[in-house]
Structures are given as structure tokens and as C-alpha cells.
Amino acid sequence: MIKYFFACVACFLLLNSAIAHTADSSAIISSSKSDFQFIYNNKSKRVEIKQVLNNVYTNDSYMVTVPIVEDYNDYITINEVECKIDNHTPKDFKPEYSYYSVDDVFYTDSRVCYFPLALVKKGTKGNVTFTETVSDPKFFTSVYFSEPYKVSSKEISFKIPRWMKVELKEINFNGCDIQKNVTYNSRDDADIITYTAKNLPAMSKESNSPGPSYLYPHIMVLCKSAMVNDQTFTYFASLDNQYAWYKELVSSINNDNTIISAKAKDLTANLSTDMDKIKAVFYYVQDNIRYVAFEDGLAGFKPEKADEVLRKKYGDCKGMANLTKSLLVALGYDARLCWLGTNHIAYDYQTPSMAVDNHMICGLNYKGRMIYLDATEKYLGLNEYAERIQGRQVLVENGDKYLLNRIPVALASQNYDYEISKLAVERNSLIGNVNHVWKGEDKEAVLSGLNSIKKERADEAMLKYLSNSNGDYQISDLKLSSTDNPDKDLTATYKVDNKSSITSFGKSYYIDMDIRKELINSAINVAERKHDFWFDYHMHIAKQTELTIPASYKAVNMPAALNIENPDYEFHIKYDVVGNKLVYTKNIIIKNTHLTTTKFAEWNKNIELLAKTYNQTITLKPVSE
Amino acid sequence: MKRLLPILIFTSICSSVFAQSEKEKKAYTDEAAHLQTEIWGNSLPEFNATKTPTSLDKESAVILARSYSMSRASNGKIKFGRALTFTTRTTKFSIFHERVKINDKSALEGFATLEYQKRLDQSKSELFAKFVNENKTYIGAKVIKPSGKEVMINTSEEVLIKNESKDQKGKLAIPDLQVGDILDYYICKEDVADKDDGNTYKDNDNLFFLVDEYPMLYYSLDFQFNKKLKVKTIYANGAQHFEENQNADGDQLLSLKLHDVPKYMRQLWTSPYREYPYIEIGSAYDDDLDKIIHKNKFEGNTVMFDAQKTVFENGFIEIEYPYHSLETKYRDYFKDKKALKNISLDSSMKVLYNVWKYDVFCQYALRDLEDFPSVKLRAANSKVNATNVCMVLTNLKVNFDILLVASRNSNSLENVFGYSDFDACIRINGDKPMYMFFDDIANHFDEIPERYQGEKVIVLHPKRRSASEYSFTEESGVLPVISADKNVVNEQLNVSFTQQDMQKLKIGRVVKETGAMRHDDQKVLMGVDDIDDGMKSAAKGQDIDARYKNYIGRDIKKFIAGIKDALVKEGTEKSKNFNKEIKSKYDQEPQQVSDCKIVNKGLDLSQPVFEFNETFVLNNMVKRAGSNYIVDVGKLTGGFLKLEEKDKKRNKDVYMTAARTFKYNIVIDIPAGYAVKGVEELTQNKSNKTGAFSSSAVVNGNKLIVTASRVYNNNFEKAADWPSMVDMITAASDFESKKILFEKQN
């Protein structure tokens, strides 16, 4: 009998490791070869892409296990998996195939094939090959050079028969050592385009970074058409084709209009103006339909029937867009489905491809102006747009044709976090009243947070948020505005007794006018961070604190104002004495949500200045001193 | 957020064990329909409730009713497989039924998804016999709207996230569920298994806390066991008992009905297994524990502990333990028999403990290389190691006892059910008692881990009868609580304003930790290389090459090289650990971190104090007021616990980690041309029976010396003494807001 001397034996949970693993830097890909070949499948009578993906892994430490994970789905089949370690297939080699859980997606047809590649001694070579078939060229959209591991050398080749019209668009090649070679294979009447890249750094995940299509070198594969075996296949030769395919998908939805009409009437029963009716519909979908995404094959691209979304009270962006549109159409409005890509995606409809969009909303053509209704944004009002879709190209349903518009870029005033405090000194405390207003995405952030918390803890959570978790900032008599109407701003008023911001030494008071000090710890670690920093949304933080100077006191040591202004952001802090009031005014404005790496040094310098300014106090001294 | 439902095992008639045929699918559908009628047709009034008391209107959700019922039957069966086999067929059937009022979006997210193992068939065939091992799950759900309208959920809307013939996992998003609705759902599981394993108490042990995340208006538990099964229950912390009956077939029936079950309140310093009522119930068919109980005539509330204790005692079979090897290594430490003979008992036992620790923690396996940093987080198996060391001590003719104890963070000793519910240690009976606990790498000889301090123990006096039998006499006792002055964090901070910018502070920090206060930082800041070096030195151990020189294996050289590499790599990662430690202490990213060093590893009693240094710069600790500067002196301690208003009242006893002391000595350079103000505000002295807080400040030349000390006298306080604790906690947290003015002199 074996006695186990340790109580806990560490379990290596392979799947979790495979999916969520941060790549071990002890392993690299010494060579990678991906071959893509367009073929015509006589049996299934369609054009397919055969892909052979081979990576050779090696390690510079002992006992490195590389979790090999390969995605597939209804359109990509894994035909064969091979694995050799130092030219021998491991005895226990057994790839597993499993459902792949994706954040925010209830169910997806995405699957993974995974297995551990154990590289025991230094310099072991693990050779892994996947042979796959893509059954529809529409879904063959991009090929990346970068991997989760450093790549010493990578070759990507495309064998494209002359009957296949494909454009290979090179993205993010600048600064990369990538060579291209084109040859012609006369026997197969095919062009072979080979790209070779050297010394590619590993892909890295950083918070608030642009999506991978902005960062890593890759090739967009734009499959346009094929003429083979006396058949013509049209893919996305132009945006017209892409729209036609989308239109065909949505035209077969078959909503039950009786149910929809009844609901539309019910929602707008006592409303008379157009705007009231439109808002009633939009806010109903926002508030009553939970986000549950099903991405199962073609269902991942076709909206659920509106009456089904209504019945289930859940749906994804497509379902919500379809429901919103159908309800509005039932009321006689000109509402349409709209496709778009969020700012996670680097491209737009200039390159027709399935890769350019990932979202659907409803567009309402109202008195010649298009209003966009995105019910997935739960707490934004009409005419308010989330950062992720602002300025993005949007493909709008328009019968047989389409409209190509842009989502408006919100005014700077859309997102607003405004606080005004009127305080006085009383018994070593700052006592007074505070009014707080949140608009736009600031409002959405607060309300999302509040609604994710259990009801019985919501008040406590709000107090903690308003006090910045500062126990000496005591809030009483808190009144929060109703959250029933997304049109309206969120407001809070409360009384405050703040002991943390005032210190007395002798007869003098030292006042810290700002308990929040936003961005004070926002310096970027330039030694570690590789990618641009994208703020979640445009910000305008405005605070004003008015402190009544006690009788027979004066304010001294007034800090110098801070005024930092550039095209990307502004920091303004100033102190004024107006009569017997000391007024602290702060404005922090993020005008450009994209902070590039070249601007990090300047950002850090400005954050340092901001921190210094925040860490100033005002002195209130007796007039006699 | 998904609500994951417990897997309950039921018995029912098993269907074909191979690919799911149409017949099987129909059988499944029919059974599902039958269950739906049974469960919703026979509902108690509580499962028809639609109203909740107004006092619960602010709750995220209210469980109107919950019931769990389980039936189990086990019988012996003869199977003609490859050999004639005697096996056990167990059938289990359970129903979890819940009716919940959803009051907010958080609860809606939590309850709106059901995820379950729909079918799992692991049956096998051997020649003429089929060994069944199958389980099936049936679900049902309905939504009751505020108007009273009931909407039956079509469970065929489920998606199968795994859909193999023998393995299906399902997920169902409940349609039409909204805030204000009631969700009424059930999950039935049936399980049929022909196997010998899986029939013991260990595999059929359910624990039910009689509190919940949400308030429950009605909660029922019902069990039915056939007469061949033995059933054991533990009722802990005043839990109400089952009503026990029998039916005409002799089945054992246990039933409990509760009303108005309170919500579990998340509070600081609680021990749920000691403070909340729970029931642990297990059943077994042919478990050796029942033979032990029968043979020894154990009875009463502690029958399971008595049986498990006997299992432990019966495990003293010398051939199964490598104690000779440990004893040899111990003797080798001395090199010289005379030295061994003349050494005092406590010194020799220190050596034995260190040799044991080195032998267990500094041996590495191939799999350790996959995640080498986590090797230092291992914990020893107390019972196995106590037995092993006991055999060495018997050979050495040392006077000792074995103590059995339960952790304060888990069940008490009286409520032991499973073998893992208690631990073992050794007490050396010298001039004073000395303890050997087999725990983590940081534990010293004669150190009692905090989770056992103050706990009742069973003291076993062993007597060797033969190589395969030890006998024991026993008595009870209590482990001492180590006083606060032995569990100390002592920080010396030398603080100065940086030359370039007086709004930044340069801090040289020296930290010394003893007792229970060492362990966490030792495991964070030291690498496996530090530990290996430290223990090798303490136990006169060997370098890696020598350590494995007698190992045989094709890849042993690669393995040794791998270990050496991993140890070197550990050494390069340490600065990150120090950074993290500073950031977690001061809640901000430190700058210019340097001089980070482990001065004393504190791994054994030759160097009992864990000591480390670091130097860094902190921003945001100094406010400027014209030419003057205000330093957040209180924050230099890293802050003290601050209670929220809601935590200032409690009715649950207080289980803290340890009695402990925190001392800070902060020396701040006063720049030339500056004087300090506010020094007198830092003087404070408060104490009561639960602890003390004191602070002071004095100017000595060009240094401001600030001291602060916080003591928690005990590791446990009664709820009635919480107000006294609040006083001390408040005194300390108030210190955090203290400031000193550095005023420019004219």
C-alpha cells in the first residue's frame, strides 16, 4: 500500500489549463507551416479549403507542458490530428474533443480539440499537425502569423486555383519581417502565394488593449467568387453580395406579427407622441430581454424570431434588434436591421467579409434621420451611443439595396460624471450637501453595477461607491433618482459628514478638497505594457467643491492651478476664493479614448503632475496670523 | 451567472447500457412526464405559496420552499463475468425541488439557467455479465407570474453542450422569467450501479447546512434507505434531528421539516462549521466502519469518530511505512553515536523534526516541474506522517503521545464523520510538552498551527505489540493557545522625504515575523530555492545530485537537471514577489524597489524569526500645503482593519486566526528647516480584555519616532465581547487617519 505523504496532490486540470492558460515562456514555436488549398469537392459540390497546420514546439526548460488547443465548429472540421515528440508518437496521445465555453455566450457550436504536449527535457521537439476542412469559403476570413508563443519562423502558403477569385489583404505588416513570394503551378493552374515571417513575438493579453486585428500581422482572406465545374459560386465579391446573403438570412425569419402587433399596442396603449411610443418599445426591450447568446451554426448569423425573443424574454443582439424592429414596424415606423462591427474590430465594410462585423442593432428612420437603437446597452437612453459602436460603419437594411452609414460620434457631453458639494467646517469635520449627476456611459456603469448586486446590499454598495470606501466619509439621507426612465440622468443627493478631508494643527485647518482623485494611480508601466491603452469610453469628470471659510479665517497656500490640455485629454484643477467661499473646480476630460504607446511617457508625466496637484491641501488660518 | 445544481443520485430501473435508441429516448421522455406529474401533482401547500412576508421584500430572492429527498437501496449480487464476482447493486433516486421568488436582476441571472449531467453511462460488459453504471437526470420548471398564471417550461428547449451516446450534458435557459416571478423547478437524478466501490460512507456522505444564501420559508429533507444499509447522522451546532421511522418493508425513513430558515450572514471571522447548524448524513453497504462499530460496540453521538479513530489505530503496520529510512537519516545527522546519546531530548527532537521536514518537502517528483513554484505550498498528510514518526519514536524509546484534533475552521472533534475530518500530531512528553505538527513547510518543531490552538484533543498513548499491531490507551485534553506575544509582526520603517520631491517618501522597511504571523509571507516571498537551501542546512541534507544519486531511471539525469534549472529560475522571480507584497500592503504600486532581501528564512528553531528587508518609494502619502507637508503617518503601517457600520453589531462568536501582535516603529527624518506638529495627537492607549491599541510619537533630534502597537489577546471571543473588540478595532483604525505636519520654519 502506498502512503501519500502530501495531503493535497495538485491536479492538472487540462481543459482549464488549455483554455485559460497564460502561455509558458519556456516554450517557443521553432517552426510553423500553414498550408491552405482551395479545392472543389465533387461529392458535396462546393468549394472547400483544406488546411494543414503544423507547429514544431521546443522548450528551454525541463518538463514544459504546452496545452495544444485547436478550435473548430460547424464550418471547420478537424480531419486528422498528429503529434510526435522527437519523432515518436507519445503512447498516451489521445486528443479530446469538447464543448468550448465562451464568456457571455450561452451556447456556441465552437468546439475544441485539445491535448497536452509534454516536452520533458530541454530542447525536445514536439511536432503537431492538424488537417482541417473549411466547408464554406465565406467563413475563411483571416490567417494570423502570431501565436501565444514566440515563433522563430512561420510560413503561410495559399494555393489558389485560377478559378477561385480571392484577394489576400495584408494587415499590420509594418515593422514585421515578412517576405512574400508568388509562383504559378501550371499543372494545377494555381497560384501559390507564400509568406514567410521570422521572429514573431508571442501574442499577449493586456487589459484595455485594442483587439487582435489591430495588433498582429495577419492576412484577410477575401473570397469573392469561384467558377468551377460549370458552376458559379458567389461569395463576397462586393458589399452587395454580403448584404444579399444577410438579407436572405433575415428574410426567412417569419415573425408572428399577430403576437408582435398585440405587444406593440400594449406597450404604447396610453401614449400619443411618436417619441413616447418609440421610447416605450426601446426601453421595454432593454429592460425585459436578458442577454443570452446562442451561436449555433447558421443561427449564429440569423436573428431569432421576434415573437420567440418576446416569449423567452431572452435573446442576443440579433434577437433584440429583430424584436425592436418588429415592434416598431408593427406601430407603423420605418425600422430596419443594421449590421456593424464594434471597435474591437479593425476593419469595416470596405473589405466585405464575415470578419468585419460582430453586432446587430435596430435603425429607425424617423423624419429623415436615422436613430440607432441598441437594446444590449441596458441603461443608455435614446440617442445615446456606447463607445464601442460610435463612429463605426453600419450596414442598414434598405430593401434590395443597403445603406452604409456611420453611427454618430457622441458629443463630449454624453458621458458626464458631475458632482457639486457645498460644505462648511464644523467640529473638525466638513459637513454639507452633495449633488451628483451621471449621464451616458457613466450612468450605465453605475446602474449596471447596482443591478448586479443583491437588492438588500444595493444601498450599502451605493454608499460605499459614493464614499470611495472611506469610512470617515459618512453619508446620510441619500436620495437616488428613479432608474425607471433611461432617458433621465441618474442623480444622487445626500448629506455628508467628512472627517477624512480635514486636519487641524494648532488653530489652522488643512483641507483636502477632493476625496476621489480620479486617475491618481493611472500611470502606465511602460516597461511591461506593449499595446496602446484604450479607455472604456470618453470621460468628462467635473467636480466642484464649495467650502465656506469659517468666520475670521482666511485661505492661504493656494495651490497653483493645473492646466494640461492636448488633443487627447485635459486635466484642469483650480482653486478660487469667491467672497467667503473657497471653490475647488476639477475637470478631467478624456477626448480621445485611444492612448498610443508613443504617448505613454507624456501621459505618465501628466499623471505625475495630476497626482502632485491632488496631493495639495489648502490651509485655513485665523485672520490674525 | 449560471446556477449549478448539486448532482443527486437516484435509483430507478436501468435501461439499455449502449447507444441511446429511440426506445430509450421514449422511455426517458415517458419517465420525465411521469415525474412531472408526481412532483407537481403531489405538492405540499408550501409548494403552492406565492406570497412572501413584507419583511423579506428587500431580499434579492426568497426560497418559498425547498425539498430534497433521496432513496437508496443496495443489495449483493452475483455476476458471472471473467470470474465469479460478488458485487453490490445500488440504486439511488433523488429529487431536489425548489420554489423561489425572484426579486432582482442579480437573482434572475443566478436562477435563469439550469446546467446538468443529463445522462452518463459507464456500464461495462465482461463475458456474460453486464455491470451497470448509469445515471440520468430529469428536470422540470415552471414560471408563476405575479398574476398567478403558470407557464410550463418546455425542457426540450435545452441545449446539449455534450451529446455523445453515453454522455450528455444539458443546459436550459429558463424562458419568460422576469423579476417578480416565481420559479418552481426540480432536478431528479437516478443512478444504478453494480460495483463494490462507492458503497462506503465516504462515497455517500451528504452535508446540509440549515441556513442558506437566501431566506427559506420552508425546507424539508427526506431520506429512505433499505434495511440492508447502515445510516449514520451527525447533528452539529444544535441542528434539529430527523424524525425516524420504518415502513412495512423495513426501510429506514428519516424526515425533517423546517420553517423560516434564516439567511447565512456573511461576517468577519466566523467558522461556519462551528456556528451554523448542519446535518451530515451518510449511508453504507458493507463498509468496514460498521464492522468496527459492531465489534467494539460503539454507540452514541461520536460513533463515527470512534470508528475512524479505530481505523487510524489499526493503521499502525510498520511494513507500510518508511520509518526506518527516516530513522537512519536522523541518526546520520549526528555522525557520532556519542553525540546522539548525550543530546538533550528537546534538541534531538528538533533534529528529528527538521530531518522529517527536509525528507518530505525537499523531495521532488517529475510532475512538480510542471508548476514548480507551487511546491512550497504543499501541506503534509498529518495522519500518515504522525504514524511514520511515531514508529521512529517508538524505536528511539521516546515518551510521546499521539493527539487527534480537528481544525477550528472545520467540524469539531465530536462531529467527525469522515476520515479526513480530523488530523494527528505528536506530543513529546519531556520536562515540558513539545509538539510535532505535520503541516506546511513554515511550521516549526513545537509550533501548534493556529487552526488547532485551543481545540480539544484525544490523547492516544501508543504501545507496540508487534510490527503490525500497536495498542492505545486514551484520555482527552486541550491544546494550548499561543499567546499574542509569540505571534508577532514587528516592522521597523525608516522614512525620509526624497530629495527630488518632498511629496514622495523613501521607506526602508525591516520586517520580523514570528509564530503564526510568519507563514503567509514566508510562502509568498521565499522561493522553493530558499526553502530547499534552508532545510538542507537545518537537516544537514544533500545537494540535488547526491539526493537522487541512488535513483534508477532512464531519464533521471534529465530530471535532476530539470530540478536544478527550476531552482535557479525560482531565484530570478523573487523581486516580483516583493513588489506584490508592497503593493498589497500599501494599496499602490511602489517605485524604485530595491534592497529586497530575505535576512532570515525562519524555517526552523535555529532561526525562528522570519526577517526580510526592502526599500521603496511611495507616492500619495504626503500632502503639500504651501511650504509645509502633511504626512499620512497612520497609513505607513499599511492600515488597520476598519469595520463597516453593519459589522459593528454581531451575534455570532468570533473565530480569529490567532492571538497576535502588530508593532510598528516608524522613524521619519525631519528635514532641515522643518519642525513637526500634531505629535501629541498620536498618543493613545486603550485596552480591554480583548486586546489593546497604543500609539505614541516623540521628536528626538531630527527624527520623529512614531510607534504603534495592536494586540489581539485571544484567537476566539464570545459574541457578547464583540463591543469590546469594536472599541479596539476602532481605536486602531482611527490611527490610520493620523497625520503629522512638517512645518517650514522661518
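Strands are taken here as DSSP runs of at least two residues in state E, numbered from the N terminus. In the predicted model described below, Lys456(B) lies in strand 21 of chain B, which covers residues 456–466. Glu414(B) is 42 residues away from Lys456(B) in sequence, yet the C-alpha atoms of the two are 9.4 Å apart in space. Once neighbours within four places in sequence are set aside, the contacts of Lys456(B) comprise Glu414(B) itself together with Leu404(B), Val405(B), Leu413(B), Gly477(B) and Val478(B).

The overall make-up of the two chains provides the setting for such local features. Chain A holds ten helices and 37 strands, and chain B holds 15 helices and 36 strands. Along the principal axes, the C-alpha atoms of chain A fill a box of roughly 100 × 70 × 60 Å; for chain B the corresponding box is roughly 95 × 75 × 50 Å. Chain A consists of 625 residues, of which 53% are buried. Chain B consists of 746 residues, and 55% of these count as buried.

Contacts between residues distant in sequence were examined for each chain. In chain A, of the contacts that link residues at least 6 apart in sequence, 72% join residues at least 24 apart. The corresponding share in chain B is 75%. The pairing of Lys456(B) with Glu414(B), 42 residues apart in sequence, offers a local example from chain B.

The accessible surface was evaluated in the same framework. For chain A it comes to about 28,000 Å², with 49% belonging to carbon and sulfur atoms. For chain B the accessible surface is about 33,100 Å², and carbon and sulfur atoms account for 49% of that area. As to charge, chain A carries 73 positive and 78 negative side chains, and the centres of these two sets are 1 Å apart. Chain B has 108 positive and 108 negative charges, whose mean positions are separated by 3 Å.

Aromatic side chains form a further group of features. Over all chains, a search of the whole structure identifies 82 aromatic pairs. One of the pairs is that of Tyr548(B) and Tyr551(B), whose ring centres are 5.0 Å apart and whose planes meet at 65°, an edge-to-face arrangement. The pair is assigned to this class because an angle over 60 degrees between the planes counts as edge-to-face. The two partners are covered to unlike degrees: Tyr548(B) is buried, at 1% relative accessible area, whereas Tyr551(B) is partly exposed, at 43%. In chain A, one aromatic cluster is formed by Tyr75(A), Phe139(A), Phe236(A), Tyr243(A), Trp245(A), Tyr246(A), Phe301(A), Trp339(A) and Tyr402(A).

Aromatic rings in chain B also take part in arrangements with charged side chains. The charged end of Lys652(B) is placed over the ring of Tyr276(B), at 4.6 Å from the ring centre. In a second instance, the charged end of Arg660(B) sits over the ring of Tyr712(B), and the distance to the ring centre is 3.7 Å.

Backbone geometry and loop positions were considered next. Asn229(A), although not a glycine, has a positive phi of about 55°. This residue belongs to the loop that connects strand 14 (218–228) and strand 15 (231–234) of chain A. Asn229(A) counts as partly exposed because its relative accessibility of 47% falls between the limits for buried and exposed residues. Asn383(A) is likewise not a glycine and has a positive phi, here of about 70°. The loop that contains Asn383(A) runs between strand 21 (369–373) and strand 22 (393–398) of chain A. With a relative accessible area of 34%, Asn383(A) is also partly exposed.

A loop of chain B was examined in a similar way. Thr683(B) is placed in the loop between strand 31 (674–677) and strand 32 (684–688). Thr683(B) has a relative accessibility of 52% and therefore counts as exposed, the limit being over 50%. Ser694(B) is eleven residues from Thr683(B) along the chain, and the C-alpha atoms of the two are separated by 7.3 Å. Apart from neighbours within four places in sequence, Thr683(B) makes contact with Ser695(B), Ser696(B) and Ala697(B).

Key. Residues numbered from 1 in each chain as written. Chains lettered and ligands numbered in written order. Predicted model: local features only at pLDDT ≥ 70, side-chain atom pairs only at ≥ 80, totals over all residues. Heavy atoms only, no water. Phe/Tyr/Trp six-rings, centres within 6.5 Å; stacked < 30°, edge-to-face > 60°. Buried < 20%, exposed > 50% of the residue type's maximum accessible area, 1.4 Å probe, protein only. Lys NZ or Arg CZ within 6 Å of the ring centre and 35° of its normal. Helix = DSSP H or I, 4+ residues; strand = E, 2+ residues; numbered from the N terminus. Contact = heavy atoms within 4.5 Å. Areas by Shrake-Rupley, 256 points an atom, 1.4 Å probe, with all protein chains shown as cover. Lys, Arg positive; Asp, Glu negative; His and termini not counted. Charge placed at Lys NZ, Arg CZ, Asp CG, Glu CD.
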